[in-house]
Amino acid sequence: MNLSNLKPAEGSTKTRKRVGRGPGSGLGGTSTRGHKGAKSRSGYSKKIGFEGGQMPLQRRVPKFGFKNINRVEYKAINLDTIQKLAEAKNLTKVGVNDLIEAGFISSKQLVKILGNGSLTAKLEVEAHGFSKSAVAAIEAAGGNAVKL
């Protein structure tokens, strides 16, 4: 065996179909593209959403809604979460950095404290926003809510 007599295994390769090479080849004429129509032409590519001339779904269905570019997204943290965090780390002041370290929020998120749960510890809580019930619960426990 040497390089000059190597060939692929029997049946592992097929000869390429040479279309459009005259009627004698059996693959001339329409060149396996069928008869007429856009798909038989060269350079054809179907546009995204094209439905053969029928009005496309994207244009049949009306527009609706809008995105408010001034919307401010807050990550909601409840008082019971802050209570557990303060007990676990023995804190008197809970800030945004403490919530980031605990993994409740990422550094890019804004925090709003909501009043779900109960707060027993006297805490100073720093956040970007507070609900009225959260402020009332924090102050009732003897702490204060500091808005950033």
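Okay, let's start with burial: of the 148 residues in this chain, 20% count as buried. Keep in mind that what you're looking at is a predicted model.

Now the overall dimensions. A compact globule of 148 residues would have a radius of gyration near 15 Å, whereas this chain comes in at 35 Å. If you put a box around the C-alpha atoms along the principal axes, you get roughly 95 × 60 × 20 Å. The chain exposes about 12,000 Å², and carbon and sulfur atoms supply 52% of that. As for contacts, take those with a separation of 6 or more: residues 24 or more positions apart account for 40% of them.

Right, secondary structure. We have four helices and six strands. Going along the sequence, the pattern reads α-β-α-β-α-β-β-β-α-β. The strands are what I'd like to spend some time on.

So, which strands go together? One open sheet has three strands in the order β1-β3-β5, with parallel pairing. Its edge strands are β1 and β5, and each of those pairs on one side only. Let me walk you across. Strand β1, residues 74-78, runs parallel to β3, and five bridges join the two. On the other pairing, β3 and strand β5, residues 129-130, are parallel as well, over two bridges.

A good residue to click on here is I113 in β3. I77 stands opposite I113, and over in β5 the bridge partner of I113 is F130. So you can use I113 to find your way from one pairing to the other.

While we're on β3, which covers residues 110-114, have a look at its two faces. What sits on the covered face, and what on the uncovered one? V111 and I113 make up the covered face, while L110, K112 and L114 are on the uncovered one. If you're wondering about the every-other-residue pattern, side chains in a regular strand alternate between the two faces of the sheet.

On to the other sheet. This one is also open and made of three strands, in the order β2-β4-β6, and again the pairing is parallel. Here β2 and β6 stand at the edges, each with a single partner strand, so one side of each has no neighbour in the sheet. Strand β2, residues 93-94, pairs with β4, residues 124-127, over two bridges. Within that pairing, K93 stands opposite E124. Then β4 goes on to β6, residues 144-147, through four bridges. Two handy landmarks in β6 are A145, the bridge partner of V125, and K147, the bridge partner of A127.

Now hang on to K93, because we need it for the salt bridges.

How many salt bridges does the structure hold? Three. In one of them E126 pairs up with K93, with the closest N and O atoms 3.4 Å apart. That pair links distant parts of the chain: E126 is in strand β4, K93 is in strand β2, and they're 33 residues apart. K93 itself is partly exposed, at 42% relative accessible area.

Another salt bridge joins R60 and E51, with 3.2 Å between the closest N and O atoms. R60 is partly exposed, with a relative accessible area of 42%, and E51 counts as partly exposed too, at 30%.

Then there's E73 with R71, where the closest N and O atoms are 2.9 Å apart. Are these two buried or exposed? E73 is exposed, at 56% relative accessible area, and R71 is exposed at 57%. The cut-off for calling a residue exposed is over 50%, so both earn the label.

Let me also show you V135, which lies in helix α4, residues 132-140. At 24% relative accessibility V135 counts as partly exposed. Leaving aside residues up to four places away in sequence, V135 touches F130 and A145. We've met both: F130 was the β5 partner of I113, and A145 was the β6 partner of V125. The C-alpha atoms of V135 and V146 are 9.4 Å apart, with the two positions eleven residues apart along the chain.

Last stop, the surface. M1, L3 and L6 make a nonpolar patch of about 460 Å². L6 is in the segment before α1, the helix at 57-60.

That's my tour, thanks.

Definitions and conventions:
Residues numbered from 1 in each chain as written. Predicted model: local features only at pLDDT ≥ 70, side-chain atom pairs only at ≥ 80, totals over all residues. Heavy atoms only, no water. Pairing = 2+ DSSP bridges. Buried < 20%, exposed > 50% of the residue type's maximum accessible area, 1.4 Å probe, protein only. Patch = residues over 30% accessible without salt bridge, like charges linked within 9 Å, V, L, I, M, F, W, Y side chains within 5 Å. Areas by Shrake-Rupley, 256 points an atom, 1.4 Å probe, with all protein chains shown as cover. Salt bridge = Lys/Arg side-chain N within 4 Å of Asp/Glu carboxyl O. Rg over C-alpha atoms; globule rule 2.2 N^0.38 Å. Contact = heavy atoms within 4.5 Å.
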